Amino acid sequence: MVTAVITGATGGLGREYIDAILAQYPSVDVFWLIARDREALKQVAQLHTDKTVAAISLDLAQEESLHRFEQLLKEQNPEIKVLVNSAGVGKVTDFFSANLAGQLGMVDLNCRALTALTRLCLPYMLDDALVLNIASAFGFCPGPRMSVYSATKAFVISLSKALHDELRPRGIKVTAVCPGPMETDFWYVAGAPEGHSRLIDWLPKESPAQVAAGSLRAAKQGRMVYTRHILYKFYHLLSKLLPHGFLMQFTEV
Ligand SMILES: NC(=O)c1ccc[n+]([C@@H]2O[C@H](COP(=O)([O-])OP(=O)(O)OC[C@H]3O[C@@H](n4cnc5c(N)ncnc54)[C@H](OP(=O)(O)O)[C@@H]3O)[C@@H](O)[C@H]2O)c1
């Protein structure tokens, strides 16, 4: 059974990948949807009764969840066509006053779980599989007051680029997806709802549906890094040309 695995599948961006995959890959007939909230997962699953949908409640920041996921793979032996690593959290706070457990949990989810899931899924991937790792435009340059979050997303970009090269001979395409801000629960969870940050309020918001559909097409074409919006493409270019010490004067959240 051709399978898509989506983490963060109840979130603003993650759930948009279900529709994008349905539209672009009708051959996918099984969806594994992963998040913590069991009820929210069930509600998303109920919208897609024409497909086999497994609502898998896991806290991916926990070591035991990674073992449970590995066990599930062994039991079900899926043929994975698409893996979307979208589960992620951010925190807007200065480094010293931040809650340490929260910051480390962010590293566990954004980096450790993403690395583990990609590695664990590999033996089950079809030879033309796609891996979409959700990074962020915040990963292009260090982000004061989002220091740990920015660093986790720089990790995702770097890992994805290397895997894009390493897995190409097997036909597997890996893409780092780097959206700008989107109006999802992310900013509320990050402790920066509307009105909290002039920069975030000012920046153009991306549509999660367009990011999901566009990045899936880009992954199929073998793109290493995907950024949809012209402003964030320009920012990506600036981050390669200008010293980060200079750019950071403008990127504090
Ligand atoms: N929104 C933005 O402005 C923006 C911009 C650039 C990049 N991104 C990235 O895009 C991705 C998706 O963000 P989003 O905007 O869709 O955020 P969101 O609406 O807050 O969704 C986050 C998703 O991750 C799941 N999740 C959170 N913690 C988890 C954990 N410990 N284990 C398993 N699942 C967990 C959530 O479900 P549960 O709470 O039920 O676990 C939810 O499904 C993230 O990687 C984020 O960094 C977001």
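Visitor: Is the crossing in which α1 passes α8 left-handed or right-handed?
Guide: In this predicted model, α1 passes α8 in a right-handed crossing.

Visitor: Why are α1 and α8 called oblique to each other?
Guide: The axes of α1 and α8 (residues 208–220) cross at roughly 45°. Roughly parallel needs an angle under 35 degrees, and roughly perpendicular runs from 65 to 115. The value fits neither, so α1 and α8 are oblique. Their axes come within 9 Å.

Visitor: Which residues make the contact of α1 with α8?
Guide: From α1 come E16, Y17, A20, I21 and Q24. From α8 come P208, A209, A212, A213, L216 and R217.

Visitor: What makes two residues of this contact count as charged?
Guide: Glu and Arg count as charged, so E16 and R217 are the two. Eight others are nonpolar and one is polar. The polar one is Q24, because Gln is neither in the nonpolar list nor in the charged one.

Visitor: What makes α3 roughly parallel to α4?
Guide: The axes of α3 (residues 63–76) and α4 (residues 100–121) cross at roughly 15°. Angles under 35 degrees count as roughly parallel, so α3 and α4 qualify. Their axes come within 11 Å. The crossing is right-handed.

Visitor: Where do α3 and α4 meet?
Guide: L66, F69, E70 and L73 in α3 meet A113, A116, L117 and L120 in α4. Seven residues of this contact are nonpolar, none is polar and one is charged. The charged one is E70, because Glu counts as charged.

Visitor: Why is α4 called roughly parallel to α5?
Guide: α4 and α5 pack at an angle of about 10°. That is under 35 degrees, so they are roughly parallel. Their axes are 9 Å apart.

Visitor: Which residues of α4 and α5 make the contact?
Guide: α4 gives Q103, M106, V107, N110, C111, L114 and T115. α5 gives V148, Y149, T152, F155, V156 and L159. Nine of the contact residues are nonpolar, four are polar and no residue is charged.

Visitor: In what order do the strands of the sheet stand?
Guide: Seven strands form an open sheet, β3-β2-β1-β4-β5-β6-β7, with parallel pairing.

Visitor: Why do β3 and β7 stand at the edges?
Guide: β3 (52–57) and β7 (225–226) each have a single partner strand, so one side of each is left without a neighbour in the sheet.

Visitor: How do you know that β4 and β5 pair?
Guide: Pairing needs at least two bridges. Five join β4 (residues 79–85) to β5 (residues 125–134), so the two strands pair. I80, for example, has M125 in β5 as its bridge partner.

Visitor: Which strands do α1 and α5 meet?
Guide: α1 (residues 16–24) packs on the sheet and touches β1 (2–7), β2 (30–35) and β4. Its direction makes about 160° with that of β1. α5 (residues 147–166) lies across β5, β6 (173–177) and β7, running at about 160° to β6. Angles over 145 degrees count as roughly antiparallel, so α1 is roughly antiparallel to β1, and α5 to β6.

Visitor: What surrounds the ligand?
Guide: 31 residues do, and the closest are G8, G11, R36, D37 and G88. The shell divides into 16 nonpolar, eleven polar and four charged residues. Gly counts as polar, so G8, G11 and G88 are among the polar ones.

Terms used: Residues numbered from 1 in each chain as written. Predicted model: local features only at pLDDT ≥ 70, side-chain atom pairs only at ≥ 80, totals over all residues. Helix = DSSP H or I, 4+ residues; strand = E, 2+ residues; numbered from the N terminus. Contact = placed C-beta atoms within 7 Å. Axes fitted to C-alpha atoms, helices over the stretch in contact; angles between N-to-C directions. Left-handed = near helix turned anticlockwise from the far one by under 90°. Near = placed C-beta within 6 Å.
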